[in-house]
Structure formats: structure tokens, C-alpha cells
Amino acid sequence: MNTAPRLHNIALIGFMGTGKSSVGQLVASHLRFSFFDTDHDIEARAGKRITEIFAQEGEVAFRQWEERIVAELVSRTRTVIATGGGLPTHEQNLTSLKTHSLVVCLWASPEKIWERVRGQSHRPLLNDSDPLAKIRRLLETREPYYRQADVLINTEMRSVREVAQQVIHQFQMARSAGG
Ligand code: S3P
């Protein structure tokens, strides 16, 4: 008996700056799926930017927003979900996503991530005196969670378009295997 969950959706996980939102939007338009970004949804519902949530309510409050949203996603179908970089470090989030989505992790080295995110200021966790060291530290603690994805894609030598093609290919393969 095939006990694998039905793959209704695609969930993109991975560190900040790995391209989850841009890849996700491209994949969604290609498959004619909806696109859902957990960070955008939190900002819309809270009525403030993520930096403000972190500053005024703290990271714990932000993580509670993430948990609430992930729990609601179980009823979704035909959706590409882009998640915030820290979301899968809460084990129940990952477990929940896996019940309805092919979970794809987009990967890049700390140096590449720093190259992509430097100059941006909307990520409170990188407002640090040594952002590259912070990226290295965070990536190291998060790696065990990211590695629990169904598929891992290295984004370093690939364009957004190429990564999107890979994601679609993996999704179609997983589906034809019975998911
Ligand atoms: C975070 C990543 C951000 C956002 C928040 C916290 C993290 O999302 O959720 O700033 O903990 O890595 P992106 O990964 O989309 O930048």
C-alpha cells in the first residue's frame, strides 16, 4: 500500500537569499499554481513589516505567526509556498508541510548568501556587526533541518530560471512516482 502523502503543493525552504520567493513565483506561474509567501502573509496580517515585528514583539512572536500560518496551509492545494528561512527549524512546521507538499530546500554557501543579501536591510537577523559570521553560525545550526527536505537543490551556479526548472522536474517526478 502506498502510504506516501499526496503531493498537492510545493514548499520551498532554505536560508535567506537562496531565492525562495523569486523561484517560487516562477514555478507557480509555470504550473498555474497559486503563490504563497509566509513572510508576506505575516506582514499583511500583522499590519507591519517583519523588522517591526522583531523590534516590537520579538522573534518568539514572529515564530508564533509562522506556526499559525503553517497549520492553516494544510487545506491548500495547487500552491507553491515560499517560507521564511527560520520556519523549518520548528520541527512541527516541517512535519506539517510534508503532509501536503514536496519540500524542496534551496541551498547556497554562506559566502554566496552574503553576496546576495548585502545591501538589503529588511532582515533583522542580519543586522549584526559581522553578518557573514552570523550567516555561517545560523546556517550551521539550521543545516540539519534543511537537510530533512525531500529534495535539495544547490542554487549557486544556477539562474533563477534553472532552479525553477529543477523544482518543476522534481515535483513532476515525485508525482508520477505516486505522490
Ligand atoms: C528569517 C528569514 C526571513 C524572515 C525573517 C527571519 C530567518 O525570510 O522570515 O527575517 O530566520 O532566517 P527570508 O528567508 O525569506 O529572507
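# A guided tour of the sheet, the cores and the ligand site

Begin at strand 2 and strand 3 (residues 79–82), which run parallel and are joined by four bridges. Keep in mind throughout the tour that this is a predicted model. Within this pair, select Phe 35, and you will find that it stands opposite Val 80 in strand 3.

Now widen the selection to the whole sheet, which is open and is formed by five strands in the order 2-3-1-4-5, with parallel pairing. At its edges are strand 2 (34–37) and strand 5 (151–154), each of which pairs on one side only. If you look from one strand to the next, the twist averages 20 degrees.

**Strand 4 and its partners**

Select strand 4 next, residues 101–107. How many residues of strand 4 are buried? Seven of its seven residues are buried, and the strand is therefore described as mostly covered, buried meaning under 20% relative accessible area. When you display the side chains, you will see that Ser 101, Val 103, Cys 105 and Trp 107 point one way from the strand, while Leu 102, Val 104 and Leu 106 point the other way.

Strand 4 pairs with strand 1 in the parallel sense over six bridges, and here Ala 11 of the pairing stands opposite Val 103 in strand 4. Strand 4 is also joined to strand 5 by four bridges, and these two strands run parallel; to see one position in this pairing, select Trp 107, which stands opposite Asn 154 in strand 5.

**Helices across the sheet**

Add helix 2 (residues 38–46) to the view, and you will find it lying across strand 2 and strand 3, running at about 70 degrees to strand 2. Then add helix 7 (residues 131–146), which lies across strand 1 (9–14), strand 4 and strand 5, and which runs at about 150 degrees to strand 4.

**The nonpolar cores**

In soluble globular proteins, nonpolar side chains tend to be buried together. In this model the largest nonpolar core has 31 residues, and the ones to select are Ile 13, Phe 15, Leu 97, Val 103, Ile 113 and Tyr 146, which touch the most other members. Several elements give two or more residues to this core, among them strand 1, strand 4, helix 3 (50–57), helix 5 (91–98) and helix 7. A second, separate core of 20 residues includes Ile 10, Val 167, Ile 168 and Phe 171.

Return to Phe 15 and ask which residues it is in contact with, leaving aside its neighbours within four places in sequence. The contacts of Phe 15 are Lys 20, Leu 106, Ile 113, Ile 135, Leu 138, Leu 139, Arg 142 and Tyr 146.

**Around the ligand**

Select the ligand and the 13 residues around it, of which Lys 20, Asp 39, Arg 63, Arg 123 and Arg 142 come nearest. A polar side-chain atom of Asp 39 lies 2.7 Å from an oxygen atom of the ligand. In the side chain of Arg 63, an N or O atom is 2.7 Å from an oxygen atom of the ligand, and the side chain of Arg 123 likewise has an N or O atom 2.7 Å from an oxygen atom of the ligand.

**Four single residues**

Move to Thr 155, in the loop between strand 5 and helix 8 (160–176). Is Thr 155 buried or exposed? Thr 155 is classed as buried because its relative accessible area is 2%, which falls under the 20% limit. Its side chain makes a polar contact with the side chain of Arg 116, at 3.2 Å, and, beyond its neighbours within four places in sequence, Thr 155 is in contact with residues including Thr 18, Leu 106, Trp 107 and Val 163.

In helix 8 itself, select Arg 175, which is partly exposed with a relative accessible area of 32%. Not counting residues up to four places away in sequence, Arg 175 touches Leu 7, His 8 and Phe 33.

The last two stops are loop residues. Arg 32 lies between helix 1 (20–31) and strand 2, and has a positive phi of about 55 degrees although it is not a glycine; Arg 32 is exposed, with a relative accessible area of 71%. Arg 78, in the loop between helix 4 and strand 3, has a positive phi of about 45 degrees, again without being a glycine, and Arg 78 is partly exposed at 42% relative accessible area.

Definitions and conventions. Residues numbered from 1 in each chain as written. Predicted model: local features only at pLDDT ≥ 70, side-chain atom pairs only at ≥ 80, totals over all residues. Heavy atoms only, no water. Pairing = 2+ DSSP bridges. Axes fitted to C-alpha atoms, helices over the stretch in contact; angles between N-to-C directions. Contact = heavy atoms within 4.5 Å. Core = buried A, V, L, I, M, F, W, Y, C linked by side-chain atoms within 4.5 Å. Buried < 20%, exposed > 50% of the residue type's maximum accessible area, 1.4 Å probe, protein only. Near = heavy atom within 4 Å. Polar contact = N/O pair within 3.5 Å; in protein donor to acceptor, adjacent residues only side chain to side chain.
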